[in-house]
Amino acid sequence: MIAGLFLSYSCTGDFEEMNKSQNSLDTIEDPSFYFPRIQQKAIHAYYGEYQVGVNLYTNQYAQYVSNTASSWATDRYGYQDSWAMNGYWTPYYMYVLKYMLQIKEICEDRTDFQQMYHIARIMTAEGTARITDVFGDIPYSEASRGIDKPKYDSQKEIYYDILKELKEATDALEAADYGGVQQKSYGSQDLVYGGNADSWIRLGNSLRLRYAMRLSYVDPEKAKAEVEDALSKRLMTEVSHSAGYKPGSSDDSEHPMTVICHWNEFRLSETLVDAYKELSTVQDPRALFYAGYTQASTNDENEERVLQGLSCRSSH
């Protein structure tokens with residue numbers, strides 16, 4: 001019996017090594033493996049996260065749309081914690097922020113990865129702004145770092161860091177001074193600009209201008225300084241500068257609005273219609289981008305009532 005126990009124990013001496021996959025990487029040393037997922041998660045490019053985070057959560061709380069499923073109460077201000085988690089917290093902390101920290105670690109000792117690092121900072125700053133805009137104070141400076149209970153940072157301090165990240169990243173890309181070292185590019189792994197540093201500079205400066213304006217009532221002097229500096233830099237000034245994410249053909253990468261519209265579970269909110277028709281003193285040209293007859297429209301009496309008076313009617 002004793003011998004049997006001894007043999008059983010001794011066989012597990014190399015247990016960890018035996019269970020180590022011989023076909024997988026221990027570490028990933030290329031930011032290109034992480035960057036596409038940062039982009040997808042930061043902007044809700046997957047339909048599941050878009051549906052619960054944007055369509056069913058923020059858009060319905062804001063009364064942009066209402067749902068047709070009686071079991072979903074968010075358009076009546078019912079709270080769904082799982083939608084907040086699955087739509088915002090999990091994508092941001094598990095992917096956007098965590099992967100950015102991994103890219104930072106990879107790039108610290110690689111002078112040929114500096115351009116990729118600064119581009120990732122700009123993308124992450126946009127993702128950070130999205131989540132703090134929804135929740136206000138959030139875990140940030142200690143988050144996604146293996147700390148069980150990371151502290152909550154104030155939204156003001158988070159915005160200061162977002163602006164710092166954008167300025168440092170755009171200034172570094174603008175200088176393009178990497179000690180003469182040829183820089184690696186994301187290429188096709190950059191799903192927005194294909195690794196074009198000039199486009200990222202314009203986006204970063206334009207985001208900085210947008211976010212600085214949001215500080216105008218909190219810290220007017222800081223906002224003024226940031227706006228003036230951003231305006232002195234290259235900005236997005238034409239359609240070709242647009243930051244567009246082109247979805248693929250697979251179900252996971254198909255445009256999220258295309259997917260959720262097939263389910264036919266939401267409509268334009270009457271609250272928004274009333275705002276256009278009764279609260280606005282001008283004819284808003286955006287109205288028919290939010291509402292209009294579709295190809296599948298029944299053109300019934302209810303649609304006629306809702307759309308009447310929004311704007312110049314379209315014939316489609």
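**Exercise 1. Which residue lies over the face of Tyr95, and at what distance from the ring centre?**

Quick note before the solution: this is a predicted model.

*Solution.* Start at the ring of Tyr95 and look along its face. Arg37 lies over that face, 5.4 Å from the ring centre. A charge counts as sitting over a ring if NZ of Lys or CZ of Arg is within 6 Å of the centre, and also within 35 degrees of the ring normal. Now try Tyr160: here the charged end of Lys222 sits over the ring, at 5.5 Å from its centre.

**Exercise 2. Work out how Phe35 and Tyr186 are paired, and which parts of the chain they tie together.**

*Solution.* Step one is the overall tally, which comes to 16 aromatic pairs. Step two is the geometry of this pair: Phe35 and Tyr186 sit 4.1 Å apart centre to centre, with 15° between the planes. Planes under 30 degrees apart count as stacked, so this pair is stacked.

Step three, locate the partners. Phe35 belongs to helix 3 (residues 35–42), while Tyr186 is in the loop between helix 7 (155–175) and helix 8 (197–213). The pair therefore ties together parts that are 151 residues apart in sequence.

Step four, check burial, for which the cut-off is under 20% relative accessible area. Phe35 has 0% relative accessibility, so it counts as buried. Tyr186 comes in at 4%, so Tyr186 is buried too.

**Exercise 3. Now do the pair Tyr57 and Tyr61: stacked or edge-to-face?**

*Solution.* The centres are 5.1 Å apart and the planes make an angle of 75°. Over 60 degrees counts as edge-to-face, so that's the label for Tyr57 and Tyr61. Both residues lie in helix 4 (residues 47–61), four residues apart, or about one turn of the helix.

Next, accessibility. Tyr57, at 6%, counts as buried, whereas Tyr61 is partly exposed at 23%. Finally, zoom out: Tyr57 and Tyr61 belong to one aromatic cluster, together with Tyr79, Tyr88, Trp89, Tyr92, Tyr93 and Phe135.

**Exercise 4. How many cavities of 30 Å³ or more does a search of the whole structure find, and what lines them?**

*Solution.* The search turns up two. Take the largest cavity first, with about 70 Å³ of space. Its lining includes Lys41, His44, Tyr88, Tyr92, Arg130 and Ile131. Helix 3, helix 5 (81–107) and helix 6 (114–135) are the elements that give two or more residues to that lining. Helix 5 supplies the largest share, five residues. By class, you get six nonpolar, three polar and two charged residues. Tyr88 and Tyr92 are worth a second look, as they also appear in the aromatic cluster of Exercise 3.

The second largest cavity holds about 30 Å³. Gln51, Asn55, Leu56, Trp72, Ile260, Trp263, Glu265 and Phe266 line this one. Helix 4 and helix 10 are the elements giving two or more residues, and helix 4 has the largest share with three. The class split is five nonpolar, two polar and one charged.

**Exercise 5. Is His241 buried or exposed, and which residues does it touch?**

*Solution.* Place it first: His241 lies in the loop between helix 9 (220–231) and helix 10 (256–263). Its relative accessibility is 11%, so His241 counts as buried. Then list its contacts, leaving out residues up to four places away in sequence: Tyr193, Arg202, Leu235 and Met236.

Methods. Residues numbered from 1 in each chain as written. Predicted model: local features only at pLDDT ≥ 70, side-chain atom pairs only at ≥ 80, totals over all residues. Heavy atoms only, no water. Buried < 20%, exposed > 50% of the residue type's maximum accessible area, 1.4 Å probe, protein only. Contact = heavy atoms within 4.5 Å. Phe/Tyr/Trp six-rings, centres within 6.5 Å; stacked < 30°, edge-to-face > 60°. 1 Å grid on protein atoms, 1.4 Å probe; cavity = no way out; pocket = protein on both sides within 12 Å on 5 of 7 lines; lining within 4 Å. Points joined across faces, edges and corners; volume = space filled by probe spheres on them. Nonpolar A, V, L, I, M, F, W, Y, C, P; charged D, E, K, R; others polar.
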